[in-house]
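Reader: Please give me a close look at one part of this model, namely the surroundings of ligand 2. I would like one connected account that also places them in the wider fold.

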Amino acid sequence: MRIVVLGAGALGAYFGARWMETGVDVTFLVREKRAAQIRENGIRLNSTKGDYVAANPRVVTDADEIEAADLVLVSVKGYHLDGTLDQLRTLADKGACVLPVLNGMEHVSLLQKELGKKTVIGGLAFIFAGLNDKGHVEHTGNAHQLLFGPLDESQKVICDQLEAINQDAVIDSRQTEDISRELWKKYMFINALSGVTTAANLPIGPIRNHPETFHIVEMLLQEMKQLANAYDGKLTDADVTAAKQNLSNLDPEATSSTHKDRRKGATLEVDHLHGGAVRLAEAVNVAMPYTRTVLGLVKPFEYGGGN
Ligand SMILES: NC(=O)C1=CN([C@@H]2O[C@H](COP(=O)(O)OP(=O)(O)OC[C@H]3O[C@@H](n4cnc5c(N)ncnc54)[C@H](OP(=O)(O)O)[C@@H]3O)[C@@H](O)[C@H]2O)C=CC1
Ligand SMILES: CC(C)(CO)C(=O)C(=O)O
């Protein structure tokens with residue numbers, strides 16, 4: 001399988017390098033600055049699942065340089081998605097399917113509208129990863145899950161092929177028949193974790209220690225369950241309990257990528273995550289007072305300056 005990784009940030013570099021490690025044909029489609037950094041330093045994974053160095057990965061900055069691809073892993077932040085559409089159209093026209101692993105939900109319908117429903121596979125990742133100053137991946141914790149599944153029955157073949165190559169890779173890979181439900185489950189979890197850690201500017205430990213603060217986490221989960229079920233999420237009370245349990249089990253220092261970005265003064269994905277939830281809620285008349293409050297508290301830091 002020929003895989004293009006569009007966006008070699010934390011997720012793209014991690015999964016792309018894991019595929020390279022097992023001999024898969026991988027091309028990183030990146031912007032100029034990141035291309036220069038990768039050409040100079042390669043891609044290094046400093047990972048709880050084993051370090052790996054991809055010394056000389058294939059890097060391009062234009063989809064026209066890629067002859068053909070079977071799959072494109074889309075691993076940019078929500079606020080950068082619009083800027084990838086031309087590249088994705090070029091690759092889709094050459095026959096590639098697209099597997100986005102962004103958090104959130106709005107990107108799925110946007111990509112389906114732009115590229116066609118047969119092209120867009122459902123996907124998400126559960127991993128704690130970031131890039132260090134050299135552009136190397138720092139992967140902490142035990143999770144490194146890539147969860148995916150068809151959103152159109154024509155995609156079963158490529159999903160099976162991906163599952164097969166993942167067997168040999170250092171990736172906790174799972175294909176599911178109901179990726180929509182999994183996307184909503186992850187959206188519920190991340191809306192709560194990202195919302196409260198970013199708004200409070202604290203990791204999960206201190207948030208758990210204050211019942212008044214953890215109550216907000218619980219209310220965000222409940223709101224997201226309602227929203228998911230106004231669409232095709234089919235979330236249950238057991239899913240909310242499992243998410244709460246998962247949050248209770250996290251290392252006290254664990255936090256969301258959005259909170260890490262707030263600490264760095266980087267752009268925050270808040271409009272894609274919480275803004276997206278509010279927009280989806282308005283369309284189906286679901287009230288989301290806690291999500292709106294988080295959105296309001298985090299918005300002033302969207303473009304940096306949050307520390
Ligand atoms: N980090 C994590 O632990 C997790 C993140 N997620 C989700 O995954 C998604 C990606 O997150 P993450 O990997 O952390 O993000 P990063 O910010 O680490 O990486 C995103 C990358 O996308 C690149 N990019 C942006 N626009 C383009 C473009 N037009 N062409 C090529 N590359 C581009 C950026 O490159 P440049 O250097 O040029 O800006 C950057 O390297 C988000 O939706 C996030 O919520 C999900 C699970 C865990
Ligand atoms: C919580 C986590 C790390 C789980 O994958 C995540 O999705 C994020 O921080 O963006």
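Author: Strand 8 gives the most to the shell around ligand 2, with 4 residues, in what is a predicted model, where local features need pLDDT of at least 70, side-chain atom pairs count only at pLDDT 80 or more, and totals for chains, interfaces and linings use all residues. Residues are numbered from 1 along each chain as its sequence is written, while chains are lettered from A and ligands numbered from 1 in the order in which they are written.

The residues surrounding ligand 2 are Asn103, Ala125, Phe126, Ile127, Phe128, Ile190, Leu193, Ser256 and Ser257, each with its C-beta atom, placed from the backbone, within 6 Å of the ligand. At least two residues of this shell come from strand 8 (122-131), and at least two from helix 6 (179-200); helices (H or I, at least four residues) and strands (E, at least two) are DSSP runs numbered from the N terminus. By character, the shell is made of 6 nonpolar and 3 polar residues, with no charged ones (Ala, Val, Leu, Ile, Met, Phe, Trp, Tyr, Cys and Pro count as nonpolar, Asp, Glu, Lys and Arg as charged, and the others, Gly among them, as polar).

Ligand 2 lies between domain 1 (2-177) and domain 2 (181-301), because both domains give residues to its shell; the bounds come from an automatic or database domain assignment. The C-alpha centres of these two domains lie 24 Å apart, and their contact takes 15 residues from domain 1 and 15 residues from domain 2, contact meaning C-beta atoms, placed from the backbone, within 7 Å. On the side of domain 1 that touches domain 2, helix 4 (106-115), strand 8 and strand 9 (137-149) each supply at least two residues, and strand 8 has the largest share there, with 4 residues. That side of domain 1 divides into 6 nonpolar, 7 polar and 2 charged residues. Strand 8 thus appears twice in this account, as the leading contributor to the shell around ligand 2 and to the side of domain 1 that touches domain 2.

Elsewhere in the model, 5 strands form an open sheet with parallel pairing, in the order 5-2-1-6-7, where two strands pair if DSSP finds at least two bridges between them. Strand 5 (58-60) and strand 7 (97-100) stand at the edges with a single partner strand each, so one side of each has no neighbour in the sheet. Strand 2 (residues 25-29) and strand 5 run parallel and are joined by 3 bridges, and Phe28 has Val59 of strand 5 as its bridge partner.

Terms used:
Contact = placed C-beta atoms within 7 Å.
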